[in-house]
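Got your viewer open? Here is a short tour, one selection at a time.

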Amino acid sequence: MSSGVAAHRDAKKLVRSPSGLRMVPEHRAFGSPFGLEEPQWVPDKECPRCMQCDAKFDFLTRKHHCRRCGKCFCDRCCSQKVPLRRMCFVDPVRQCAECALVSHREAEFYDKQLKVLLSGATFLVTFGDSEKPETMVCRLSNNQRCLILDGDGHHEIEIAHVCTVQILTEGFTPGGSTRATGMFLQYTVPGAEAATQLRLMAGEDANGSKRQAAAWLVAMHKATKLLYESRDQ
């Protein structure tokens with residue numbers, strides 16, 4: 001992909017919505033597959049009471065809309081301002097207690113796991129029915145739309161075309177949990193009838209590389225959950 005095309009896809013613009021300022025892709029088609037659309041706010045006339053504690057709205061008890069779910073709450077039930085990166089808000093926005101908890105958990109993905117995915121890791125990669133794995137570096141593209149695999153060849157898999165992700169594990173760590181060792185992935189290719197299979201396995205040659213690969217797999221597992229949530233919206 002040329003630098004000009006890449007810049008076109010990564011271009012962003014600042015927009016103002018009723019919920020606040022958002023830094024969104026210049027072109028909607030190039031948005032992150034992990035993103036969420038802004039919800040429709042429950043109309044004021046349809047919520048005379050707080051949808052959490054049932055307090056009646058009046059001159060002293062004012063109503064507020066949660067920027068994540070769009071429901072109406074009183075100030076006590078919707079007082080937290082929390083980052084909401086999945087909707088591209090520039091600043092923390094008002095959210096109800098339930099949504100704020102979810103957004104706090106998602107912040108770990110953006111602060112930690114996303115950086116791991118962008119940095120990439122080295123795997124033994126097997127395409128389809130091939131019996132010979134290839135050493136490749138797998139990473140998430142900067143616009144979060146593609147998995148990029150580089151080795152002797154170059155491959156790009158659109159996240160939106162991924163239909164199955166299974167993290168492969170083995171053994172138990174001293175803490176009692178399993179250890180991620182690989183990933184089985186299926187994705188569709190435009191024009192092809194059957195899904196294409198891909199298998200990534202952490203190498204055995206270097207402990208540092210293996211640890212990095214395991215961290216990348218854990219981050220990919222979290223990303224998969226967010227991806228499915230976005231599709232179900």
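A residue counts as buried when its relative accessible area is under 20%, and as exposed when that value is over 50%. Keep in mind that this is a predicted model.

Start with the whole chain. By that cut-off, 37% of its 233 residues are buried. Switch to cartoon and you should find 3 helices and 13 strands. The chain exposes about 13,700 Å², and carbon and sulfur atoms supply 51% of that area. If you draw the contacts with a separation of 6 or more, 44% of them link residues 24 or more positions apart.

Next, select residues 12-17, which is strand β1, and add strand β2, residues 20-25. These two run antiparallel and pair over 6 bridges. They make a hairpin, with 2 residues between the strands. Click on K12 and look across to β2: its bridge partner there is P25.

Stay on β1 and pick out L14. Is L14 buried or exposed? Its relative accessibility is 52%, so L14 counts as exposed. Now show M23 and V90 as well: together with L14 they form a nonpolar patch on the surface, with about 260 Å² of accessible area between the three.

Time to go inside. Select F123, L147 and W216, the residues with the most contacts inside the largest nonpolar core, a set of 32 residues. Which elements each supply at least two residues of this core? Colour them as you go: the helices α2 (97-119) and α3 (207-232), plus the strands β7 (121-127), β8 (134-140), β9 (146-150), β11 (162-170), β12 (179-187) and β13 (196-202). The largest share comes from α3, with 8 residues.

There is another core apart from this one; it has 11 residues, including C50, F57, C72 and C96.

Back to L147 for a closer look. Leaving aside neighbours within four places in sequence, L147 touches C138, R139, L140, H155, E156, I157, I159, L185, W216 and M220. W216 is worth keeping on screen here, as it is in contact with L147 and is also among the residues with the most contacts in the core.

Last stop: S141, in the loop between β8 and β9. Why does this serine count as buried? Its relative accessible area is 8%, and the cut-off for buried is under 20%. Beyond its neighbours within four places, S141 is in contact with L118, C146 and I148. To finish, draw a C-alpha to C-alpha distance from S141 to S119: the two are 22 residues apart in sequence and 9.3 Å apart in space.

Notes:
Residues numbered from 1 in each chain as written. Predicted model: local features only at pLDDT ≥ 70, side-chain atom pairs only at ≥ 80, totals over all residues. Heavy atoms only, no water. Patch = residues over 30% accessible without salt bridge, like charges linked within 9 Å, V, L, I, M, F, W, Y side chains within 5 Å. Areas by Shrake-Rupley, 256 points an atom, 1.4 Å probe, with all protein chains shown as cover. Salt bridge = Lys/Arg side-chain N within 4 Å of Asp/Glu carboxyl O. Helix = DSSP H or I, 4+ residues; strand = E, 2+ residues; numbered from the N terminus. Buried < 20%, exposed > 50% of the residue type's maximum accessible area, 1.4 Å probe, protein only. Core = buried A, V, L, I, M, F, W, Y, C linked by side-chain atoms within 4.5 Å. Contact = heavy atoms within 4.5 Å. Pairing = 2+ DSSP bridges.
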